[in-house]
Amino acid sequence: MQYVDGFVLPVPKKNMKAYTAMAKLACKVWLDHGALDYRECVAEDVKPGKVTSFPQSVKLKAGETVVFSWITYKSRKHRDSVMKKVMADPRLAKMMNDPKNMPFDGKRMFWGGFDTFVTA
């Protein structure tokens with residue numbers, strides 16, 4: 001079974017062009033270093049819930065949208081190997097080393113690694 005890193009984050013709608021450019025670069029870098037798949041998805045049908053929801057999970061503010069992303073790997077070991085290379089890649093250095101270069105609020109982003117247990 002595969003391993004997946006998942007991410008959910010708020011992006012100001014006015015920054016979507018910059019976020020898209022950043023995501024395209026990140027996609028190239030991750031795939032260049034061996035990730036199997038890289039996806040970035042923008043909210044289209046995510047309403048606030050009564051208890052929890054995607055908008056509530058990132059404390060969505062007016063003028064923002066939710067982005068849901070995932071990267072697929074062969075295994076956790078493969079993910080760790082790819083991630084080590086990605087974090088050392090100079091194409092991402094400016095973005096990784098200065099949070100002011102991010103087109104979103106990283107403090108409201110959440111992520112995690114998951115083992116796949118059902119596929120189709």
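This report describes salt bridges, cysteines, a surface patch and a few individual residues in a predicted model.

**Salt bridges**

The structure holds ten salt bridges in total. One of them brings together the side chains of Arg79 and Asp5, with a nitrogen-to-oxygen distance of 2.6 Å. This pair links distant parts of the chain, since Arg79 belongs to helix α3 and Asp5 to strand β1 (residues 3-12), with their positions 74 residues apart in sequence. Both partners are classed as buried: Arg79 has a relative accessible area of 13%, and Asp5 has one of 3%. Arg79 also meets the side chain of Asp80 in a salt bridge, here at 2.9 Å from N to O, and Asp80 is partly exposed, with a relative accessible area of 36%. These contacts belong to a network of salt bridges in which Asp5, Arg76, Arg79 and Asp80 are linked.

A further salt bridge joins the side chains of Asp105 and Arg108, at an N to O distance of 3.0 Å. Asp105 counts as partly exposed, at 28% relative accessibility, whereas Arg108 counts as buried, at 13%. The table sets out the three salt bridges described here.

| Salt bridge | N to O distance |
|---|---|
| Arg79 and Asp5 | 2.6 Å |
| Asp80 and Arg79 | 2.9 Å |
| Asp105 and Arg108 | 3.0 Å |

**The surroundings of Arg108**

Arg108 is placed in the loop between α4 (93-97) and β4 (110-115), and it is a buried residue, with a relative accessible area of 13%. Which residues does Arg108 contact, leaving aside its neighbours within four places in sequence? They are Val8, Pro10, Val58, Lys59, Leu60, Lys61 and Glu64. Two of these residues also take part in polar interactions with the arginine: the side chains of Arg108 and Glu64 are joined by a polar contact of 2.6 Å, and a polar atom of the Arg108 side chain lies 3.1 Å from the backbone oxygen of Val58.

Lys59, another of the residues in contact with Arg108, lies in the loop between α2 (54-57) and β3. Its backbone has a positive phi of about 50°, although Lys59 is not a glycine. In terms of accessibility Lys59 counts as exposed, at 64%, while its contact partner Arg108 counts as buried.

**Cysteines**

How many disulfides does the structure hold? The number is zero. The sulfur of Cys27 has its closest cysteine sulfur in Cys41, at 11 Å, and is therefore too far away for a bond. Seen from the other residue, Cys41 is likewise in no disulfide, with the sulfur of Cys27 as the nearest cysteine sulfur, 11 Å away. The accessibility of Cys41 is 29% in relative terms, and this residue therefore counts as partly exposed.

**A nonpolar surface patch**

Val46, Phe54 and Phe68 form a nonpolar patch on the surface, and together they contribute about 220 Å² of accessible area. Of these residues, Phe68 is placed in strand β3, which spans residues 64-73. Is Phe68 classed as buried or partly exposed? With a relative accessible area of 34%, Phe68 is partly exposed.

**Two exposed residues**

Pro48 is placed in the loop between β2 (37-42) and α2, and at 62% relative accessibility it counts as exposed. Apart from its neighbours within four places in sequence, Pro48 is in contact with Ser53, Pro55 and Gln56. By comparison with these contacts, the relation of Pro48 to Val11 is given by the C-alpha atoms, which are separated by 16 Å, the two residues being 37 residues apart along the chain.

Lys84 is placed in helix α3 (residues 76-88), the helix that also holds Arg79. While Arg79 is buried, with a relative accessible area of 13%, Lys84 is exposed, with a relative accessible area of 66%. Lys84 and Phe117 are 33 residues apart in sequence, and their C-alpha atoms are 25 Å apart in space.

Notes:
Residues are numbered from 1 along each chain as its sequence is written. This is a predicted model: local features need pLDDT of at least 70, side-chain atom pairs count only at pLDDT 80 or more; totals for chains, interfaces and linings use all residues. Side-chain values use heavy atoms; hydrogens and water are left out. Patches are made of residues with over 30% relative accessible area and no salt bridge: like charges are joined within 9 Å, nonpolar side chains (Val, Leu, Ile, Met, Phe, Trp, Tyr) within 5 Å. Accessible areas come from the Shrake-Rupley method with a 1.4 Å probe; for residues, only the protein chains shown count as cover. A salt bridge is a side-chain nitrogen of Lys or Arg within 4 Å of a carboxyl oxygen of Asp or Glu. Helices (H or I, at least four residues) and strands (E, at least two) are DSSP runs, numbered from the N terminus. Buried means under 20% relative accessible area, exposed over 50%, partly exposed in between (1.4 Å probe, protein chains only). A disulfide is a pair of cysteine sulfur atoms within 2.5 Å. A polar contact is a pair of N or O atoms within 3.5 Å; within protein, one must be able to donate a hydrogen and the other to accept it, and residues adjacent in sequence count only if both atoms are side-chain atoms. Contact means heavy atoms within 4.5 Å.
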